[in-house]
Amino acid sequence: MKKFCLVGNPNCGKTTLFNALTGSTAHVGNWPGVTVDKREGVYKKCAEPISIVDLPGIYSLSPYTPEEVIARNYIIDEAPDLVINIVDATNLERNLYLTTQIMEIDVPMVIALNMIDEVTKQGSKIDADKLERSTGVPVVAISALRETNLDDLMARAYEASNKKRSAKTVLEDTALMHLVGDCKIALEGQKVSNSLFHAIKLAELDELEVKAHPDSAKMVEEFKKTFNDDDFGSDFEAIVADARYKYISKYYSCVVSKTDKEKTTNVKVTESDKIDKVLTHKVWGIPIFLAILFLIFHMTFSEDLFYLGTMGVFDKEVLAYDQAGNVLAVTKDNFDENFSYYTKGGDLADLTFDDDGSLASVEAIPYVYTNDNKKVFLKEAYETENGRFFAKENGKVPVTVEKNDGEYAIVYDSAIDEFSSEVTINTFFGYEESVYSLGVVLFNTLDTFTGFLSACASQGLAQLNASEWLTGLLVDGILGGLFSVLSFLPQILVLFMFFSVLEDSGYMARVAFILDRIFRKFGLSGRAFMPMIMGFGCSVPAMINTRTLADQKERTATIRVIPFFSCGAKLPILTAVAGGIIQYAGSGNADVITYSMYVIGIVVAIISVILMRSTTMKGEVPPFIMELPAYRLPSFKNLMLHLWDKTKHFIKKAFTIILASTVVIWFVSHFTWNWHFIGDAEMNQSILAGLGGLIQPLFTPLGFGSQLGEWGWVFVVAAITGLIAKENVIATFGTLAACIVGAVIDTEADGGVSAVMQMINATNITVPALLAFIAFNMTTIPCFAAVATAKSELGSKKTFNGTLIFWIVTSYIVAATIYCVGSWWWTSFIFAAVWAAVITLIVLVNKGKIKFGKRS
Amino acid sequence: MKKLSEYEVGERGVIRSVAGEQKIRRRLFDMGVTPGAKVYLKKRAPLGDPIEVTLRGYELSLRKTEAEAVLTEVIK
């Protein structure tokens, strides 16, 4: 199969062209060794199928960024049958700079003059034939977005790929050509292919070439000593770059004919400029950015869209009725215990009242049907012996009635019935009290679907009389674990979608532009802000988003601190434990605790970045020489293909590494040391509890270790189950309550506060230790999904292992600091002194005053 | 001669020379910041730095420290 590759500047529509050519055949991977997207696909409309490779967007073939090295090595080493050089016609001058470099390689090529429709819209004209004559390379004007002329492009490309093309340079007229010629002859003598390209790069004393051909490089150095240009001295890089641009202005730019209007007004004000004026405004730029950010999070995570519920749009008057259906004016004062109140639907109702005496709620008293279709209340039904009951009329949906903690409850015979009894339209959209945001609606839809699958599975296994442990493994272990990870997917994708729109529209580059000043102080560029802030939503898309960072060390540092920006799944830990602390201490404000914990996370992130950038991740602040692309409407097709890629990637991860880790945790929490299966309520005998007890002493400095006595391991175990998904921490407390007080506590009813209270009562843990526990969970190893993402994004195994250690050490230090300072205020002096010593040491080492080992 | 970093918003000029560390200079060349190119300071970021210049028909953003290496001749 023939192989064509796409080369072009960033933002020139390369990905759009790739998607248009390859459609659904495309797949995305990584280039070996680096996390730069490698897209490959097949074009089928030529005489034979053609494999198309999308190279990363680059401005030049110089050796300074990983993208440039990838593209350069690919064209030279992999020898594709043809290079499609895609050129943004609205910005011909800079785009052709890369073209002049590709032309120096002996490879067939065509120029795809993209966005020709934009040029026409601006009132200009580009003479493609003229450009073809002056370059000697086929030129086809196309619009990748509107998919015009693509077949023509590919037909000419196919034709060109069957012929040989020899390299050509635009540097013929420069004083350096003599040197280039000499180098070329020397290289040809060594049987080096693409001699012209290598010769020119050698003349520029390009790092990679000097390394590959040291002999010829010496020749250049010699020549350099004798050479002196009037403008540039002996700066060959400058001479070459200048010559390219001069040539472009002289021969190529004349193919553009502008309208009269453009000629007279030197600076034209485009639509893009008008938008930009608002979005990067001196005063409003930052507030607008914050508002957009808020809106994105609101649309992804809010359960009260636009605060309609809070504003009272859905408030309904609470009314009670008599048997005949007349409205009754009931207050706490005139409430008659012996009178029968009814709901609007005619069911006997229980009434509750607000503090001021007004009616708060009217709820139907739960009932079931008997064999002969009579309604009976649960209490009666429970007391009837050997009765068969049904949740619906005419003997549908068989149930029994049980009594738990003085409350009567319906127990469904079939898991599917139980499941369907709970699903209403409110589950998805929540229109009763508020409207859900897009992210929440999708979340609920998937959640309901996976819930249904679980119900089917457990019913099927029950009918097969499967053993308890097998049901547990399949339903709770495998399906439960898988679904809890997949449940994040909708919100991850929605968040991703919004951020992709910002990226594709060109706004993200402006965000970096606005914020660079602040982030430079921490040794990062403005681009690092976006992934960090996405961390508040979910670490997974945030870590993937770090691909926009050019500098590898900056990326690593950013990925490491992303989990400290407490994500949505960690919020339940914060609210439940904070709620427990308030109840336990009898005073205080849970919101203040929650808020402070978020702030602590951010502070830890900032300190970690500064520490890393001045020790292990040392490096210059990467330069900020960057194009601010014109604002564009993102293409829907591109967006969907992009999201589809991410979905595939995430699902693959979920079914491999995440699933495996989840099953292991399920196994150790449901089996005893002698391989005996135990239910949720006996988790205290599990291997996990045993292991928790074993490592418990390690957590003594954090306040939830050996000092807690018999039940102290619950906190350690909860932190471990939190690795599956952080909301599991509180759910585990609910489950473990079964071992302590004999009944599982439903953590969804009160956000887990009472479950936390049970743990507090059983262990006599202190408030500082609880705070340390929150901080530990926030800053330690994130959930498996995030760990798996970090692993693939970090590339090297060594960096990944370092990252795991970094998370453990950081969380340990942070939690220990909180516990010790909170328990004994005077320890703050010790911590301050240690920190001062560490900082002084780092500063002195960096200044070269202290030296370690042999390194100079 | 005036450094690009010292430009006022709305000022325009022609680049005369580009100095600075090799890696950064090469990047500037690749982005079209070469002697002879016309520049126009379009705006500053809300916090004063970086700056945005129009150059060879597109918008380029760079920090003041990077713009310091670019010497220009102002066009009145």
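## Exercises: where chain B meets chain A

A:Glu627 stands opposite B:Leu60 in β5(B). This is a predicted model, where local features need pLDDT of at least 70, side-chain atom pairs count only at pLDDT 80 or more, and totals for chains, interfaces and linings use all residues. Residues are numbered from 1 along each chain as its sequence is written, and side-chain values use heavy atoms, leaving out hydrogens and water.

**Exercise 1.** Work out which strand of chain A pairs with β5(B), and in what sense.

*Solution.* Start with the rule: two strands pair if DSSP finds at least two bridges between them; strands are DSSP runs (E, at least two residues) and helices are H or I runs of at least four. Strand β19 (residues 626-627) of chain A has two bridges to β5(B), and the sense is antiparallel.

**Exercise 2.** Size up the contact between chain B and chain A.

*Solution.* First, count residues with heavy atoms within 4.5 Å: chain B gives 33 and chain A gives 41. Next, take the buried area (accessible area, 1.4 Å probe, lost on putting the two parts together, summed over both). That comes to about 3600 Å², with 55% from carbon and sulfur atoms. Then look at who pays: B:Arg26, B:Pro46 and B:Arg63 supply 21% of the area chain B buries against chain A, more than any other three residues.

**Exercise 3.** Find the salt bridges across the interface, and one that uses B:Arg26.

*Solution.* Look for a Lys or Arg side-chain nitrogen within 4 Å of an Asp or Glu carboxyl oxygen. The rule finds eight between chain B and chain A. One of them joins B:Arg26 to A:Glu237, at 3.0 Å, N to O. As for elements, α1(B) gives nine residues, the largest share of chain B's side of the contact.

Technical notes:
Chains are lettered from A and ligands numbered from 1 in the order in which they are written.
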